[in-house]
Structures are given as structure tokens and as C-alpha cells.
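Visitor: I'd like a quick tour of the aromatic contacts here. Can we go through them one at a time?

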Amino acid sequence: MTHRGKFITFEGPEGSGKTTHARNLVARLEGAGRAVLYTREPGGTRTGEAVRGILQHDEAGEPVTPEAEVFLFAACRAQLVRQAILPALERGTTVVCDRFADSTLVYQGYARGLGVERMLTINEIAVDGAVPDLTVLLDIDVETGFRRLGSRYGAESSRDRFEREARAFHERVRRGYLELAERWPARIRTVQADAPVEAVDAAIWRVVNHVFA
Ligand code: T5A
């Protein structure tokens, strides 16, 4: 695919700091004079934000099956890619997305056990060639990640569907991400996320600079 803008995604387990560090990167890129679109999954479009409530909080009033979950995430992605990501890349804007297709490979493919290769096929339809130039994988151990979420994770009632999953699920998520990083080392760059915010930001900036070099 040829496009002028760079496409950067953030991935990692719960509480690894994706939103914090993605936003800090956006501020730094904008400070350097670049046009940036910051978006997130699931969400980023009205359709995606509406489906987010179903995916995270069973807002439809019934449990979502694992297979339905896959297609709902893929539907959000298909909408976001065509409505926002591809047009932005085509006009030369840098796109920074908080979670993207790798989340489906890991959460649904590995952790729910639906199979990574099957998820790849579904993703291929959803992304329409929008493969990230760089994926920043923020790696953190499960306990530290959840400790960071603090009060949100403290009360069972305030957790979303994924945060309520057993620890073993989240261990599979972490291992799944590390396997993806081994499979696509040129695209996925792992950054240790258990360091202070400034140190993690600096490590991210170093890998981002390679993409613009
Ligand atoms: N999902 C998503 C799927 O199953 N399949 C899919 O295809 C997709 C797209 C989305 C859920 O959906 C699932 C995965 C997820 O479970 P979400 O609400 O978007 O849920 O939640 P997450 O993406 O997991 O994000 P979190 O809110 O859990 O955390 P973040 O964004 O990783 O972390 P952040 O930045 O909010 O930071 C958490 C706390 O840590 C502090 C922050 O200040 C904050 O308090 N912090 C740090 N503290 C110390 N040092 C650092 N370096 C820090 N960085 C952040």
C-alpha cells in the first residue's frame, strides 16, 4: 500500500499505558509540526463508539458470544479504517491508534482460543490494506498493569467484560503479544512499560524516529 502518512498503533495488556503514552506521542509529534489523527479501538467513529458499549459492558442486555465479539470488533475496525484512517493517511496525516488489529489476534485468537490464523483472515477484510508502519507493544506484567488501573479494577462492578476475565486469560494476552512481536519484528517494537512515564515516552520516541527517518 502506498500512502504518505505514517500509521502507528499502540498495543499491550490492560493498564500497560497505551492511552497515556499514545497521547504523549501525539503531543510530541504535533509539537514537531506534524498533522496527527489520534483515534482508538473499539471506537473512533459513531458506529464504533456505539458498539464499544456492547463489547465492554454487555449493553445489549445479553452475553456476547466469542464469535460475535470477533465480528463486532472487526465491524468497528472496518468502519474506522474506511471513514477515518485511510483518508487521513492519504492526505499525509500521521495516524496514532490506541489498539488495532493485533488486539483481535491476541484477545480473540490467543486468549479466547479462536485461532490466530482465522483472526488474520477476518482482519484482512477489515483493514483494507491499512497495515501499521509501526506497532508499539507496551509490555508489562499482569499484576502491575492491574495495579495501575487502581480503583477502576478494585470493584468488580466497575470492571469491563475483559477486566473481569481470570488472570490466566490476561497471562495469555501478554504471551500472545510477545509471540506476535517475534513473528513481525520489523513492525512490532516492544517497549518495557514498567518504567516511569518519561522513560517510556523516550523509548517510544526512539523507535518512532526510525519510522520517520
Ligand atoms: N479488545 C479490543 C479486544 O478484545 N479485541 C480487540 O480487537 C480490541 C480492539 C478495550 C478492551 O477491548 C479488548 C481489549 C480491552 O480489554 P479499553 O477500555 O480501551 O478496553 O482498555 P485498554 O485498551 O486495555 O486500556 P486501559 O484503560 O486498560 O489501559 P491503558 O490505556 O493501557 O493505560 P492508561 O494509559 O490508561 O494507564 C493506566 C494507568 O497507569 C498510569 C496512568 O496514569 C493511568 O493511571 N500509567 C503509568 N504509571 C506509571 N508509569 C507509567 N509508565 C505509566 N503509564 C501509564
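Visitor: Which residues form one aromatic cluster?
Guide: Keep in mind that this is a predicted model. Searching the whole structure turns up 4 aromatic pairs. One aromatic cluster is made up of Phe73, Tyr107, Phe162 and Phe169.

Visitor: How are the rings of Phe73 and Phe162 arranged: stacked, edge-to-face or tilted?
Guide: Phe73 and Phe162 are both buried. Planes under 30 degrees apart count as stacked and over 60 as edge-to-face. These two ring planes are at 50°, with the centres 5.9 Å apart, so the pair is tilted.

Visitor: How many residues apart are Phe73 and Phe162 in the chain?
Guide: Phe73 is in helix H3 (residues 66-90). Phe162 is in the loop between helix H7 (151-154) and helix H8 (167-183). The pair therefore links distant parts of the chain, 89 residues apart.

Visitor: What about Phe7 and Phe100: which geometry does that pair have?
Guide: Phe7 is buried, and Phe100 is too. Their ring centres are 5.0 Å apart and the planes are at 80°, so this one is edge-to-face.

Visitor: And how far apart in sequence are the parts that Phe7 and Phe100 tie together?
Guide: Phe7 belongs to strand S1 (residues 7-11), while Phe100 is in the loop between strand S3 (94-98) and helix H4 (101-111). So the pair ties together parts whose separation in sequence is 93 residues.

Visitor: Which residue has its charged end over the ring of Phe212?
Guide: Charges over rings turn up here too: Arg161 lies over the face of Phe162, 5.3 Å from the ring centre. For Phe212, the charged end sits 3.9 Å from the ring centre, and it belongs to Arg34.

How values were computed
Residues are numbered from 1 along each chain as its sequence is written. This is a predicted model: local features need pLDDT of at least 70, side-chain atom pairs count only at pLDDT 80 or more; totals for chains, interfaces and linings use all residues. Side-chain values use heavy atoms; hydrogens and water are left out. Rings of Phe, Tyr and Trp (its six-membered ring) pair if their centres lie within 6.5 Å; planes under 30 degrees apart count as stacked, over 60 as edge-to-face and the rest as tilted. Helices (H or I, at least four residues) and strands (E, at least two) are DSSP runs, numbered from the N terminus. Buried means under 20% relative accessible area, exposed over 50%, partly exposed in between (1.4 Å probe, protein chains only). A charge sits over a ring if NZ of Lys or CZ of Arg is within 6 Å of the ring centre and within 35 degrees of the ring normal.
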